[in-house]
Structures are given as structure tokens and as C-alpha cells.
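Q: Please take a close look at a single part of this protein. Tell me where it sits, what surrounds it, and how that ties in with the rest of the chain.

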Amino acid sequence: MSSTESPSVPAASVLPRVAPVRVGEGERLRSVGLPGVTLSVRSRRPAREGLPPALYVHGLGGSSQNWSSLMAELDGVVDSEAVDLPGFGDSPPPDDGDYSVTGHARAVIRYLDAAGRGPVHLFGNSLGGAVTTRVAAVRPDLVRTLTLVSPALPELRVQRTAVPTGLLAVPGIAALFTRLTKEWTAEQRVRGVMALCYGDPARVSPEAFRHAVEELERRLRLPYFWDAMARSARGIVNAYTLGGQHGLWRQAERVLAPTLLIYGGRDQLVGFRMAAKAARAFRDSRLLTLPDAGHVAMMEYPDVVAGAFRDLLAQAANGSGESAGAVVDARS
């Protein structure tokens, strides 16, 4: 997205009132004002004092709620916070309308600098994987470890099932899609998203499905919902075309933090074949493959992802590089 493109949404101060965001048991939600952006941050009360801090960054169309199950699994391991990127979850649009990968990364960096919690154990999924890769590359002082779940890194051959999502980046497509699907119910939309993102949508509990429908109904009332989706999708496409030192694969090579890579065998948005390339690009990497998982392994198999992260911590604490590039195939 051009840096000169002006936001086309109303200011946060005049946004309509909508239903409150759901806050799960043991969680709290707060709003943090930063230069040019206001972020909503979800957290859990740490099980004890002195736990190392962790920050989680969601993917396109997601929110901090995507990390609730994993955050609960890691109680007693890290002091968890999950951020809603600008324009998503409960965070209003950024003041400058910048939804690029760099813009989102800048928001994460501003929060970490202001909070003074760094270095953190940084997690990212999909778009959040691209964002956190950029954060780890340009601000290594803020990152202890990096855990990437199906990161949105450039692919030469994009899966056909991912094409509709990429088309959101085309100007006018979001508005057209909104008109064509105006009769769709929130339940229909959520079922479609889950069919795309989960390896097995049947794993979603009725309660979780109901919560997802309620959250989508809330977001659809926000006048900037589709704008944030379209511009963030455009930001991913633009990031894929960048070369040189700003290219995401080049930045992956610059990441110094021990990195855990998690890829799902049934992922319809990020190609499973990219796992091996990612393991080679990140200099100190461990690769976990989940053949039955889709695009959101931290929601489908939070216990397995938590176990892999604990292993990463143990290896990093031992200072051992023996497992760099190691591949684990976890079959459920």
C-alpha cells in the first residue's frame, strides 16, 4: 500500500458502539495508546512472579483470541500477552491507514518499546508470522525466541485455495465481495473460514463456534472491517514483491533468535512445501510438522505446540545448537 494513501474510515472517536469483545476466564483486556496507534492487549495473570514475557501476534482476519488456548497451555511457563493488530480485534484503525507488514511491525515494536517487557518470546501466525519475522530481523534486542505458526512468507507457487484471500488485495474486490455476500449469515461465514483454516473443522467445539459467530457479528458492524482486511491483504502481497534487504526471506536469514517453525500438512493458505525452505532460511531453527493440522495449529493442537515451545526453551537454556534445523513430524 502506498504510504500516501489516506484512510477511508471514520476516526476512532466517532466509531459506532458495538458489543464488547469476549474475554475468557483468566484473561483481561486493556487498551494501550501509542504514537499513531491504539492497541488492544489481551493478557493472563502470570502463575508466578518472574516468568519471562511472551507476546503473540495473530494473522489476517484474526485477533488476540486466536491465542487464548495456547496462552492457557503456557501458564507457568511465560507471562503471556497477545496483541490485536491495528484494525483487528478490539484495536481501532491506525491513524495513518498503514496496514503494510512494516506498518504492523512498527506497531508491535512501539508496544514492546513502550511496555519495556523486551526481550520477549515472540509468536506469530500467518500475517503475524511475517510481521514478527520483520520485528526479529530489525530489532533483535526485543526477541528472545521466535515461534512461527504457518508464517506468511513469499511463495512462488501459491496454492489455489489461497487465491481468494489474495484477491482481497485488489482494489474494489472487498466491496464487491461484500455486495455479493450480503445475504450470508455470520454462521455461514464462520463455517467457510473454519473449513479454510482448520485441518479438521469438526475439532471446533459448539461453544467455540458460537463464540466465533458472536465475534464476527460484532466485527461486521465496524465500518472499517473490510478496509482493514483488504489493506492488510494488500500489505502481504506487497511484502511478497519486495527484494533486497527488505525481502522477507532475506530478513528471515538475519534473525538471530532461536526459532521454532510449525507447519500443518492440511494448510490451505500456506504451502506445506515451504517448511523445508523456512528451516534452511532461519539460521537457528527447529521444525515441527503436524500432518493433520491446517493453518492455525495453535488453535487446533495447542498442547502439541506448547510442548514444542517448552522444548525450544530447554534447548535455548542449554545453549545447544545441536538441534538447529531438526525436524519433528508429530502425528496426532
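A: Start with H104, which is buried, at 0% relative accessibility. Buried means under 20% relative accessible area, exposed over 50%, and partly exposed in between (1.4 Å probe, protein chains only). This is a predicted model, where local features need pLDDT of at least 70, side-chain atom pairs count only at pLDDT 80 or more, and totals for chains, interfaces and linings use all residues. Residues are numbered from 1 along each chain as its sequence is written, and side-chain values use heavy atoms, with hydrogens and water left out.

Now place the residue. H104 belongs to helix α2. Helices (H or I, at least four residues) and strands (E, at least two) are DSSP runs, numbered from the N terminus. The protein has 12 helices and 9 strands.

Next, its surroundings. Setting aside neighbours within four places in sequence, H104 is in contact (heavy atoms within 4.5 Å) with L85, P86, F88, Y99, L127, V131 and S232. Then look at A130. H104 and A130 are 26 residues apart along the chain, and their C-alpha atoms are separated by 9.7 Å. Across the protein, take contacts between residues at least 6 apart in sequence: 77% of them join residues at least 24 apart.

F88 leads to another feature. F88 helps line the largest cavity, together with G87, R219, L222, Y224, F225 and M229. A cavity is a set of points on a 1 Å grid over the protein atoms alone where a 1.4 Å probe fits but cannot get out; lining residues have an atom within 4 Å of a point. The structure holds 1 cavity of 30 Å³ or more. The largest cavity has about 30 Å³ of space.

Go back to α2, which spans 101-115. A loop runs from α2 to β5 (120-125), and P119 is in that loop. The bond between G118 and P119 is a cis peptide, with omega about 0°. After β5 comes a loop that leads to α3 (127-138), and S126 lies there. S126 has a positive phi, near 55°, although the residue is not glycine. S126 is also buried, with a relative accessible area of 11%.

There is a second serine to compare. S150 has phi near 45°, again positive in a residue other than glycine. S150 sits in the loop between β6 (143-149) and α4 (163-167). Its relative accessibility is 1%, so S150 counts as buried.

Now widen the view. Buried residues make up 53% of the 332 residues in the protein. In soluble globular proteins, nonpolar side chains tend to be buried together. Here the largest nonpolar core has 87 residues, and Y56, W67, L70, L74 and F282 touch the most other members. The helix that gives the most to this core is α2, with 7 residues. A nonpolar core is a set of buried Ala, Val, Leu, Ile, Met, Phe, Trp, Tyr and Cys residues joined through side-chain atoms within 4.5 Å. Take Y56 as one example. Not counting residues up to four places away in sequence, Y56 touches W67, L70, M71, L74, V78, S80, E81, A82, V83 and F123.

To sum up the starting point: H104 is buried, and its helix is α2. That helix gives the most residues to the largest nonpolar core.

Terms used:
1 Å grid on protein atoms, 1.4 Å probe; cavity = no way out; pocket = protein on both sides within 12 Å on 5 of 7 lines; lining within 4 Å. Points joined across faces, edges and corners; volume = space filled by probe spheres on them.
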